[in-house]
Amino acid sequence: MSEKTCKSVRLSYGIIFGAFTIVVGALFIWQVLTVYLTGTAEGFTGAHPFSRERVVEALSKIDLFFWLWIAGIVVGFVLWEIFPVKQQAAKISLDLQFARLKKRMPDAAPEGQEADFNSVIRANKTVFAFKCAAWALFGIAAVYGIVYLCIPSNFPKNDVTHEMLNMVKHVFPCVFAGLLVVCMAAVYEKFTVRKIIPAVRKLTKGQKPVEHTNKLQAAVALLENKWVILGIRIALAVIAVALIIWGALNGSARAVFIKAINICTECIGLG
């Protein structure tokens, strides 16, 4: 079977399944609105406007469409196996190319390539300055928040919600400024990489990864190492799981669960 036929079958199925997904979503929203409007209408005589029985009764009307949608997902997996399409090799983005080539950048300008070397160094310094500014702003926000929480006089009314919102008013400007600087750095680096990537290729042609003697460069290279990044991610995941378990053991999970139920039943209409 030709690849053109396989692509046509996949495209046709994707369009049909996408349209059916929209229909199923619209039917679900319609039933939810029906439950909500019926329960809040004047003269409602039921025991509870958003009881489980009423919700199940409303959603059972679209059972057929839901199971057809599930069947469509299964059919999609089968079609993708019956009508295979040759996957094209993914192109390495310029950002990734630049990150790899930076590891082979020499510490000094090769003879005759001083202009290219200086342009790359200037771009790197600018991006690094943006990142330092962002981390500084985030650090200020974190320190301010911790100090604010450690001062009892900041909570005179025993209204934690009000005082936390008051703290956010003070911390948010630093956080917002940090996010703005991060976005600026990302945009600047994106456009700069396109301009300097030819120069970087010339400078790193035939070069091996360089062992940086500058302590700052060595520290940055260490933080960009994939194993260091992986270790940080694993550590954060372990901390997150530990905090979740701690919250479950001290009763916080039940409190959050009850609040979620109250929000769903009192506001949205589904529990």
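1. Start with the outside of this predicted model. Phe 28, Ile 29, Leu 33, Tyr 36 and Leu 37 together make a nonpolar surface patch of about 470 Å². Take Leu 37 as a sample: it lies in helix H1, and because its relative accessible area is 53%, over the 50% cut-off, it counts as exposed.

2. Stay on that helix for a moment. Gln 31 also sits in H1, which runs over residues 3-40. Is Gln 31 buried or exposed? Its relative accessibility is 10%, so it goes down as buried, the limit being under 20%. As for what it touches, leaving out residues up to four places away in sequence, the list is Ala 58, Leu 59, Lys 61 and Ile 62.

3. Now for the overall build. The protein chain has nine helices and zero strands, so you'll be looking at helices wherever DSSP assigns one of these two elements. Of its 271 residues, 18% count as buried. The accessible surface comes to about 20,100 Å², and carbon and sulfur atoms hold 70% of that.

4. On contacts, take the pairs at least 6 apart in sequence: 74% of those contacts join residues at least 24 apart.

5. Which residues form the largest nonpolar core? There are 12: Phe 98, Leu 101, Met 105, Phe 117, Val 120, Ala 123, Val 193, Ile 196, Ile 197, Ala 199, Val 200 and Leu 203. Helices H4 (94-102), H5 (114-149) and H6 (160-204) are the elements that each give two or more residues to this core. H6 gives the most, with six. As background, nonpolar side chains in soluble globular proteins tend to be buried together.

6. Val 200 is a handy residue to click on within that core. Setting aside neighbours within four places in sequence, Val 200 is in contact with Phe 98, Leu 101, Met 105 and Val 120. Apart from this core lies another, of five residues, with Tyr 13, Leu 79, Phe 83 and Val 85 among them.

7. Last, have a look along H5. This helix has 36 residues, and its first and last C-alpha atoms are 52 Å apart, close to the 52 Å expected at 1.5 Å a residue. Buried residues in H5 are Phe 117, Val 120, Ala 123, Val 127, Ala 134, Ala 141, Gly 145 and Tyr 148. Phe 117, Val 120 and Ala 123 are also in the largest nonpolar core.

Definitions and conventions
Residues are numbered from 1 along each chain as its sequence is written. This is a predicted model: local features need pLDDT of at least 70, side-chain atom pairs count only at pLDDT 80 or more; totals for chains, interfaces and linings use all residues. Side-chain values use heavy atoms; hydrogens and water are left out. A nonpolar core is a set of buried Ala, Val, Leu, Ile, Met, Phe, Trp, Tyr and Cys residues joined through side-chain atoms within 4.5 Å. Buried means under 20% relative accessible area, exposed over 50%, partly exposed in between (1.4 Å probe, protein chains only). Helices (H or I, at least four residues) and strands (E, at least two) are DSSP runs, numbered from the N terminus. Contact means heavy atoms within 4.5 Å. The expected span of a helix is 1.5 Å times one less than its number of residues. Accessible areas come from the Shrake-Rupley method with a 1.4 Å probe; for residues, only the protein chains shown count as cover. Patches are made of residues with over 30% relative accessible area and no salt bridge: like charges are joined within 9 Å, nonpolar side chains (Val, Leu, Ile, Met, Phe, Trp, Tyr) within 5 Å. A salt bridge is a side-chain nitrogen of Lys or Arg within 4 Å of a carboxyl oxygen of Asp or Glu.
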